[in-house]
Amino acid sequence: MVVENIVDGGILYGLIAVGAGLATGLAGIGAGVGEQGIGAAVVGVVAEEPGFLGKGLFLMLLPETLIIFGLAVSLILMFAWTPFA
Amino acid sequence: MPVLRLPKFGKPVKYAYITGRVRAMKTKLIPHEMYQRMLGMDIPEITRYLEETQYKEEIDLMAKDHSGAELVEYATFANLAKTYKKLLRVSIDEPEFLILEYLRRWDIWNIKTILRGKFYGAGDEEIMKYLVPAGELDLEFLEGLAKKERIEEVIQAFDGTDYYEALTQYDGQMLSSVENALDKLYYFRMERAVGGTLSVGGGLLLKYVRKEIDVKNLVTLFRMNKAGIEAAVIHDNLLPGGKLHEEFSRMAGQSYNEFVRGLEGYPFWSAISDVVAEGGSVSRIEARLRAYLVRYAWALSNYHPLSILPVLGYIVSKETEVSNIRKIVRGKEAGLSAELIEEQVVA
């Protein structure tokens with residue numbers, strides 16, 4: 001029964017979809033954890049030096065790039081490598 | 001004794017905001033090379049220069065009532081208090097708790113100022129000029145104390161607080177025992193407060209405070225050993241709690257040369273060795289030790305960038321800056337030579 005389902009794509013499809021969700025979701029949480037410290041520090045510096053805003057925003061967005069990796073993995077899972085394609 | 005309430009302990013990220021902020025505030029401190037230039041200026045020029053810095057607001061505000069060295073002195077004190085209050089205002093939880101605990105030294109300073117003022121019969125206006133309300137006791141309360149007639153009334157006002165026990169040691173003759181008791185109380189409370197925190201920075205803060213006590217005791221030893229004072233009297237004046245307390249206790253009462261030889265090999269020796277070798281004055285040695293402490297505070301903050309230590313570094317640097325400016329303007333006013341003032345300036 002299970003084997004049949006996998007061949008049909010039932011459970012496999014489901015697991016791939018969950019993996020794709022986790023890839024983006026966990027990357028997002030990780031980026032958020034990274035950003036909380038940077039964001040707080042940037043707000044602190046900008047309160048004293050408003051001119052630092054541009055640089056600060058750039059630093060704050062650095063962890064955001066990690067989500068792109070997660071998103072890329074999700075997209076590959078969903079549309080490039082899998083029966084969904 | 002009030003129950004010590006500790007905040008919930010957070011991750012280092014709780015410190016991100018305040019450390020970011022003090023690092024930005026640090027860039028606004030007066031650079032060391034500026035002290036050299038200030039030595040060549042007269043007092044109005046120094047005042048004009050300070051008006052271009054963070055002291056502008058206080059100088060503008062006080063310029064109508066004061067002038068010259070007095071204006072600079074009051075303005076820098078007011079700015080110091082404002083800056084420290086700001087640190088308290090912009091921090092929460094553990095950082096706020098530790099900053100307040102450290103800043104209680106200004107409460108001690110203010111109590112000492114009021115007691116000394118009353119002891120020597122200074123007027124309340126005169127006393128109020130030297131108050132720095134940077135700690136827990138606010139200006140209103142302190143002014144109320146300054147207006148009291150007698151020392152006993154001032155002491156009575158602290159009934160029910162931690163300070164009361166230390167203040168009751170006043171015997172009507174000398175203030176030194178009360179002052180010592182207040183210092184001891186401060187360091188005792190500091191140790192108790194830091195002991196209640198779980199973060200690494202708290203332990204390093206205590207390490208710094210211990211070093212600070214050692215430096216204070218060392219300066220006391222330099223002064224008293226040089227003056228040939230008895231060991232027993234020196235022991236009474238040494239503050240407990242320093243890391244090197246036992247070693248320093250043994251050094252009390254030694255001849256000056258023997259004492260200086262015994263200091264070789266300690267971490268602070270490289271900071272003072274040349275001045276000691278030249279037979280420099282104690283105040284010059286004190287300035288060097290102070291500079292060593294400031295460097296030490298910032299060095300500690302590099303170990304744990306997201307902790308109370310960068311804030312401590314800033315607090316120490318700001319205090320040093322204000323004391324440097326005051327030394328320069330007071331020295332200029334007294335007509336001291338630039339070389340003599342330079343020796344006292346902590347760079």
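**Figure 1. Chain A follows the order α-α-α-α from its N terminus.** This view comes from a predicted model. Chain A holds 4 helices and 0 strands. It has 85 residues, and 18% of them are buried. Take the contacts in chain A between residues at least 6 apart in sequence. Of these, 67% join residues at least 24 apart.

**Figure 2. UniProt annotations mapped onto chain A.** An unreviewed UniProt entry places the feature "transmembrane region" at residues 12–33 and 57–81 of chain A. Residues 12–33 of chain A are 100% helix and 0% strand. The end C-alpha atoms of that stretch are 31 Å apart. UniProt also lists "domain: V-ATPase proteolipid subunit C-like" for residues 18–77 of chain A, again in an unreviewed entry. Residues 18–77 of chain A are 88% helix and 0% strand. Here the end C-alpha atoms lie 10 Å apart.

**Figure 3. Helices α2 and α4 of chain A, seen at their contact.** Helix α4 of chain A covers residues 65–80. The axes of α2(A) and α4(A) come within 8 Å. They cross at roughly 175°. Angles over 145 degrees count as roughly antiparallel, so α2(A) and α4(A) are roughly antiparallel to each other. From α2(A), the contact includes A:I16, A:G19, A:A20, A:A23 and A:A27. From α4(A), it includes A:L66, A:F69, A:G70, A:V73 and A:L77. By class, this contact has 13 nonpolar, 6 polar and no charged residues.

**Figure 4. Helices α2 and α3 of chain A, seen at their contact.** Helix α2 spans residues 10–48 of chain A, and helix α3 spans residues 53–61. Their axes come within 9 Å and cross at roughly 175°. The two helices are therefore roughly antiparallel to each other. On α2(A), the contact is made by A:E35, A:I38, A:G39, A:V42, A:V45 and A:V46. On α3(A), it is made by A:L53, A:G56, A:L59 and A:M60. The residues divide into 7 nonpolar, 2 polar and 1 charged.

**Figure 5. Where chain B touches chain A.** Chain B gives 10 residues to the contact, and chain A gives 11 residues. On the chain B side, 6 of the residues are nonpolar, 2 are polar and 2 are charged.

**Figure 6. Helices α5 and α6 of chain B, packed together.** Helix α5 of chain B covers residues 68–89. Helix α6 of chain B covers residues 93–119. Their axes are 9 Å apart, at an angle of about 155°. The pair is therefore roughly antiparallel. B:Y84, B:L87 and B:L88 of α5(B) meet B:E96, B:I99, B:L100 and B:L103 of α6(B). This contact has 6 nonpolar, no polar and 1 charged residue.

**Figure 7. B:D93, a residue with positive phi.** B:D93 is found in helix α6 of chain B. Its phi is near 55°, although B:D93 is not a glycine. Most residues other than glycine have a negative phi. Is B:D93 buried or exposed? It counts as partly exposed because 14 C-beta neighbours lie inside 10 Å, and a residue counts as buried at 20 or more and as exposed at 12 or fewer.

**Figure 8. The largest nonpolar core, and B:V311 within it.** This core has 90 residues. Those with the most contacts inside it are B:I114, B:L205, B:Y208, B:L221, B:V311 and B:L312. Another core, of 5 residues, lies apart from it. Among its members are A:A23, A:A27, A:A31 and A:L77. What does B:V311 contact, leaving aside its neighbours within four places in sequence? Its partners are B:I18, B:T19, B:V22, B:L87, B:P95 and B:I99.

**Figure 9. B:L239, in a loop of chain B.** The loop lies between α13 (231–237) and α14 (245–251) of chain B. B:L239 is partly exposed, with 18 other C-beta atoms within 10 Å. B:L239 and B:N217 are 22 residues apart in sequence. In space, their C-alpha atoms are 6.5 Å apart. Not counting residues up to four places away in sequence, B:L239 touches B:D183, B:K184, B:Y187, B:I213, B:K216 and B:N217.

Notes: Residues numbered from 1 in each chain as written. Chains lettered and ligands numbered in written order. Predicted model: local features only at pLDDT ≥ 70, side-chain atom pairs only at ≥ 80, totals over all residues. Contact = placed C-beta atoms within 7 Å. Nonpolar A, V, L, I, M, F, W, Y, C, P; charged D, E, K, R; others polar. UniProt positions renumbered as here; feature names shortened; annotations may be inferred. Core = buried A, V, L, I, M, F, W, Y, C linked by C-beta atoms within 7 Å. Axes fitted to C-alpha atoms, helices over the stretch in contact; angles between N-to-C directions. Parallel < 35°, antiparallel > 145°, perpendicular 65-115°, else oblique.
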